[in-house]
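I opened the model to note a few positions, some helices and the ligand site. My entries follow in the order in which I looked things up.

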Amino acid sequence: MSESVIRCDVISAGVAEGSLCLFNALYGPMVGTAEPSGERPEAEMNRFKEQVASLVKDLGETVDCLESESLSAEADVIRAHISMLQDPMFHARVQQAIGRLSFAADSAVEHAIEGVIRVLAESRDPRLAERATDMKDLAMQLRAKLSRQKVRPLAELLSGVRNPVLAIPELLPSVVLNAHRHGVKAFLVERGTALSHGAILAKAFVLPALRVPTLEMLRMSHGANVLVDADAGELLIEPDRSESEGRLRPFIEVSSAHTDHLLPVRLWVNIVTPTQLEGFDWRGIEGVGLYRTETRFMERTDDFPREEEEVGVYRHLFALCGDRPVTVRTADLGADKAVPYMSFGPQNNPYLGLRGHRIYHFHPELLITQLRAILRAAAGSHRLRLLYPMLETVDQWQFIQGLVEQAVASLRAENLPFQQQFEQGVLVETPAAVLSFPRLLGLIDFASVGTNDLVQYLFAVERNNANVAKLYQPHHPIVLQVLKTLADQAREADKSLSVCGEIASDPELLMLLVGLGIDNLSVAPKEVSVLKARLTSLRIPACRELAHACLEAQTAAEVRAKLGIRPQSAIEATSTLVGRGQAVDPVCKMIVKIEENPYSLVDRDRRYYFCSRPCTLQFQKESDREGSP
Ligand code: PEP
Ligand code: MG
């Protein structure tokens, strides 16, 4: 038995063991001394500017480092810090404190930031409240640079400690970044939530973090061995060995011929071109879970690809994959995947029109040619899996089987060598496919869930439409229910099922998907390393518990809260899609097209675009009111 177990709130999932290192303040306390400087204000202001520039430079290097590790969202956190540092309002406040109140630069920084921190911390919006921590973090880093007393760096504080578990008041982003570099294994904090930027970074680096009731209660345990079980929400002080081992080891271990780790699920990779696999690190990867071959069709400008050319491309693919299984999805054209040499006929809603296998009815030669090229290239010992897009019903499966037979018969008739053994599967992307799944299971070898489209069709929400982006809800409990049902049915029928839509690549959803019973994930190459690292410390019972709680939720927001995912603001949700001929109506915030938009006007040298006449008039009225003396 361990000496004591403390129940805690989870900030970042995972399990780790190490020596407890308790620090009440890493940068020294914020004391608010507001000492007069005794220096000339210009000299103090110059010192402030120099140190801001130096901190901006350090943070810029951190951004580059994070980008090079493909941690773009985390890099954005630090970019936001750079903008805060460069904010003219902040500089004006510091200048005022130095000039009018004769403060030293470090006291002026504290003075300037204190009020902002208080307002943010008291906000009822949890995201704004968390930004107070960011401000505090910046103030402390800046103060450490400005301070005439030397602040001891973390590396020095932790020197000689094996596997440090850092107990600190709150998870400041700069501390997480530093700690990640200096081998810290986990965090214990007194304040903050899973929404904070520090928590986002901890999750990205797979560093478990718990919120303990108070730091004071850990004071006597400084230096003790502790187990941070942020899957179960428990901190164990001096755990005995069997208890630690039980919690640190994954619950089920599925080994694959190609993994060097024992992972609780199989990881596959999604590709759009075989060149992505040149020099690819296959460790921990089962094979290709989705090759989107329509890119071959979209690259061309004149005609469908020709068989001889394609044989060469697929041969390159199979050579790069060796004896690993390769899932080739046949051409999924239509909707947003247009080709310049085909019109797709008149259609009011291309997403409900000629898409995926529906085109094969008009152009069976398209699929037959592609299948011939794939089967010829795979001749030999390759483990080929053919995946058909958008397939919904048994009769559609039978139609495809007819074309496969024609392709095979023609190769045989021509006496060409080709791969005779292959598996065939469906990409489940529509509600009809979900309902047909029990019938399809008797026919197929495997299945994959294309959640990008499935979510679109479940909610009848176009996947690329910014104005309805908030209604596209991959976290919604009904999506989770569908995934669980499919996983249960596939397991019962002893057929392999994977998820290959974007949600499979989202590290924040990993525990949930595993808990729902998804044991194959096909993911974007850039997410592989983060997902692999997380999978090694995953505990299945905790995943199941989490999935159970999410299935019970009523809304997507509730699920996101349980997963510790910060709520997306309307502006964030839409801003990524603005640009490229689009603008935001300043009145109702709808995203509108710029081209041929009749509702547009110029106000104070700037052009605005609107969705309607009422919005245009409303804007004019407000602008006139503001302009009147
Ligand atoms: C999907 O819909 O989830 C999928 C994998 O297919 P695509 O994104 O290529 O439409
Ligand atoms: Mg799709």
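**Entry 1: Ala-139.** I asked whether Ala-139 is buried or exposed. Ala-139 has a relative accessibility of 1%, so I put it down as buried, the cut-off being under 20%. I am working from a predicted model, and I keep that in mind for each entry below. I placed Ala-139 in helix α5, which covers residues 126-146. I then checked its distance to Asp-106, which is 33 residues away along the chain. The two C-alpha atoms are separated by 8.7 Å.

**Entry 2: Leu-66 and Asp-76.** I looked up Leu-66 and found it in helix α1, residues 41-68. Its relative accessible area is 2%, so I list Leu-66 as buried. From Leu-66 I went to Ile-78, twelve residues apart from it along the chain, and I read 9.3 Å between their C-alpha atoms.

Asp-76 belongs to helix α2, residues 72-86. I noted 43% relative accessibility for Asp-76, and therefore entered it as partly exposed. Between Asp-76 and Val-63 there are 7.7 Å, C-alpha to C-alpha, with a sequence separation of 13 residues.

**Entry 3: helix α14.** I took α14 as residues 394-413, which makes 20 residues. From first C-alpha to last, α14 reaches 28 Å, and this is close to the 28 Å expected at 1.5 Å a residue. Which residues of α14 are buried? I listed Gln-396, Trp-397, Ile-400, Gln-401, Leu-403, Val-404, Ala-407, Val-408 and Leu-411. Viewed down the axis of α14, these buried residues fall within an arc of 165°, so I recorded them as lining one face of the helix. I reminded myself that an α-helix has 3.6 residues a turn, so residues three or four places apart point the same way. On the other side of α14 I found Asp-395, Glu-405 and Ala-413 exposed.

**Entry 4: helix α23.** I did the same for α23, residues 613-627. This helix has 15 residues and reaches 21 Å between its first and last C-alpha, close to the 21 Å expected at 1.5 Å a residue. In α23 I marked Cys-615, Thr-616, Phe-619 and Ser-623 as buried. They cover an arc of only 100° around the axis, which puts them on the same side of α23. The exposed residues that I noted on the other side of α23 are Arg-613, Pro-614, Lys-621, Asp-624 and Arg-625.

**Entry 5: helix α21.** For α21, residues 556-563, I wrote down Ala-556, Val-559 and Leu-563 as the buried residues. Their arc around the axis is only 60°, which places them on the same side of α21. I also looked at what follows α21, and found Gly-564 with a positive phi near 75°.

**Entry 6: positive phi outside glycine.** Most residues other than glycine have a negative phi. I therefore noted the exceptions that I came across. Ala-335 is not a glycine, yet its phi is positive at about 55°. I located Ala-335 in the loop between β11 (325-329) and α12 (358-362). Phe-344 is not a glycine either, and I read a positive phi of about 65° for it. Phe-344 is also in the loop between β11 and α12. With a relative accessible area of 10%, Phe-344 counts as buried.

**Entry 7: ligand 1.** How many residues surround ligand 1? I counted 13, and the closest are Arg-292, Arg-329, Gly-450, Asn-452 and Arg-463. By class I sorted the shell into two nonpolar, four polar and seven charged residues.

I then went through polar atom distances to oxygen atoms of ligand 1. A polar side-chain atom of Glu-429 lies 2.9 Å from an oxygen atom of the ligand. For a polar backbone atom of Thr-451 I noted 3.1 Å to a ligand oxygen atom. For a polar backbone atom of Asn-452 the distance to a ligand oxygen atom is 2.8 Å. Taken alone, ligand 1 exposes 290 Å², and the protein buries 99% of that. The elements that I found giving two or more residues to the shell are β10 (285-292) and α16 (451-459). The largest share, three residues, comes from α16.

Definitions and conventions:
Residues are numbered from 1 along each chain as its sequence is written. Chains are lettered from A and ligands numbered from 1 in the order in which they are written. This is a predicted model: local features need pLDDT of at least 70, side-chain atom pairs count only at pLDDT 80 or more; totals for chains, interfaces and linings use all residues. Side-chain values use heavy atoms; hydrogens and water are left out. A residue is near a molecule or strand if one of its heavy atoms lies within 4 Å of it. A polar contact is a pair of N or O atoms within 3.5 Å; within protein, one must be able to donate a hydrogen and the other to accept it, and residues adjacent in sequence count only if both atoms are side-chain atoms. Accessible areas come from the Shrake-Rupley method with a 1.4 Å probe; for residues, only the protein chains shown count as cover. Helices (H or I, at least four residues) and strands (E, at least two) are DSSP runs, numbered from the N terminus. Ala, Val, Leu, Ile, Met, Phe, Trp, Tyr, Cys and Pro count as nonpolar, Asp, Glu, Lys and Arg as charged, and the others, Gly among them, as polar. The expected span of a helix is 1.5 Å times one less than its number of residues. Buried means under 20% relative accessible area, exposed over 50%, partly exposed in between (1.4 Å probe, protein chains only). The arc is that of the directions from the helix axis to the C-beta atoms.
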